[in-house]
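Hi,

Here is the structure I promised to pass on. Have a look at it first, and then read my notes below.

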Amino acid sequence: MNSQQKVLDHLLKADGAYLSGQKLAEILGVSRNAIWKAIQALKDQGYQISSTPNKGYQLESLSDDLAPQQIDHFLKQAVGSFDIAYEVRPSMSSTNDLMKEALAHSQADYLLYATQQQTKGRGRRGKAYYCNLAEGLYFTLALRPHQVKLQDVPMYTILAATAVVETIESYVDDQCEIKWVNDIFYHKRKITGILSEMISSIEAADTSAVMIGIGINLAGSFEDSDPAVREVAGTIFGQETPEDFNINQFLAQIVSRILTYHANFDDKAFFPLYKDRLMGVGKEVSYQYNGDWQSGIIVGVNPEGQLIIAKANGKKEILYGQDIHFSSQQFRNL
């Protein structure tokens with residue numbers, strides 16, 4: 001951490017109390033002038049910090065930008081201390097791709113890469129993911145799932161979808177819906193995509209990490225997107241986020257829920273809500289499997305998170321894997 005980050009960290013921990021420049025200088029082992037410069041730099045970044053003689057500095061309001069200190073602060077408020085390594089930038093190519101590189105070198109149990117703009121975002125089956133929204137949130141959380149079986153790894157998409165839905169619904173009036181397996185809809189428009197990937201150790205024949213990549217449309221317009229995106233995409237908040245919305249707190253709430261579910265994975269406490277929010281139950285849908293288009297009625301999901309489809313011949317088919325594709329457009333009218 002540089003001096004600005006360290007000063008911000010202590011102001012956040014003070015929780016609205018005053019901290020004198022002298023005390024901050026002593027804690028950080030720098031001059032009072034260095035503290036003053038750090039405070040000015042934080043103000044330039046959008047933090048509202050007051051200065052009162054004989055009292056010191058007080059953090060009055062936070063910046064709207066992503067900041068690891070804010071994320072960590074809100075995360076500790078929710079679930080306590082976790083050994084999380086953070087990488088936060090204004091723009092990234094692909095948080096999942098960068099995470100893969102980081103996992104080769106990091107020993108941390110949890111890693112979080114987050115940005116508000118992706119230049120090479122991607123979804124399932126290698127498709128490009130639209131990331132040019134005015135206010136978006138794109139992040140990848142990597143977990144090291146000790147003693148988790150390989151067949152359980154796909155459940156992390158369901159786990160993450162539940163965590164995102166719970167968080168979003170704490171900000172809005174209406175419920176979200178989930179298009180199996182990884183898309184979240186609000187008011188019949190897609191607002192979130194999730195891509196979970198497994199990092200395996202061939203030598204040890206196990207899963208060394210699970211990466212959960214999540215892209216969320218917070219606010220803005222799809223005016224400049226292609227027609228296919230405009231037809232189905234939406235945002236949580238419309239054109240602009242609320243004035244009191246803090247993106248760091250929002251992200252920390254999602255991550256805290258994921259970590260809690262991860263710590264108690266065997267309980268599958270996330271599963272009932274996922275089933276309750278599943279889109280299209282009792283409706284006929286079309287889907288592509290191995291290049292062929294088929295149709296059937298959605299029955300629900302089984303305990304492994306696989307989709308159950310009732311075919312016209314009365315038989316039930318179990319769908320799972322990356323080769324299954326449902327067009328999002330058809331869910332707009334279900």
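To start somewhere specific: in which strand is the place of isoleucine 184? It sits in strand S7, which covers residues 183–186. Before going further, please keep in mind that this is a predicted model.

Isoleucine 184 is buried, with a relative accessible area of 0%. If you leave out its neighbours within four places in sequence, isoleucine 184 still has contacts with a good list of residues, including Ala161, Val164, Val165, Cys176, Ile178, Ile191 and Ile194. Take alanine 161 from that list: 23 residues separate it from isoleucine 184 in sequence, and the two C-alpha atoms are 7.3 Å apart in space.

Lysine 190 is also one of the contacts of isoleucine 184, and that brings me to the charged pairs. Lysine 190 forms a salt bridge with aspartate 183, at 3.4 Å from N to O. Are these two partners buried or exposed? Both aspartate 183 and lysine 190 are buried.

The structure has eleven salt bridges, and a few others are worth a click. Glutamate 166 and arginine 257 meet through their side chains in one of them, 3.5 Å from N to O. Glutamate 166 belongs to helix H6 (residues 155–169) and arginine 257 to helix H8 (residues 247–263), so this pair ties together parts that lie 91 residues apart in sequence. Both ends are partly exposed: the relative accessible area is 22% for glutamate 166 and 27% for arginine 257.

Arginine 89 and glutamate 87 make another salt bridge, with their closest N and O atoms 3.0 Å apart. Here too the partners are partly exposed, arginine 89 at 33% and glutamate 87 at 27%. There is also a network of salt bridges that links Glu169, Asp276 and Arg277.

Last stop: helix H4, residues 68–79. With twelve residues at 1.5 Å each, H4 should span 16 Å, and its end C-alpha atoms are indeed 16 Å apart, so the two agree. Which residues of H4 are buried? They are Gln69, Gln70, Ile71, Asp72, His73, Phe74 and Leu75. Among the elements that cover them are helix H1 (3–14), strand S3 (84–88), strand S4 (110–115) and H8, the helix that also holds arginine 257. Right after H4 comes glycine 80, which has a positive phi near 85 degrees.

That's my tour. Over to you!

Cheers

How values were computed:
Residues numbered from 1 in each chain as written. Predicted model: local features only at pLDDT ≥ 70, side-chain atom pairs only at ≥ 80, totals over all residues. Heavy atoms only, no water. Salt bridge = Lys/Arg side-chain N within 4 Å of Asp/Glu carboxyl O. Buried < 20%, exposed > 50% of the residue type's maximum accessible area, 1.4 Å probe, protein only. Helix = DSSP H or I, 4+ residues; strand = E, 2+ residues; numbered from the N terminus. Contact = heavy atoms within 4.5 Å. Expected span 1.5 Å × (residues − 1).
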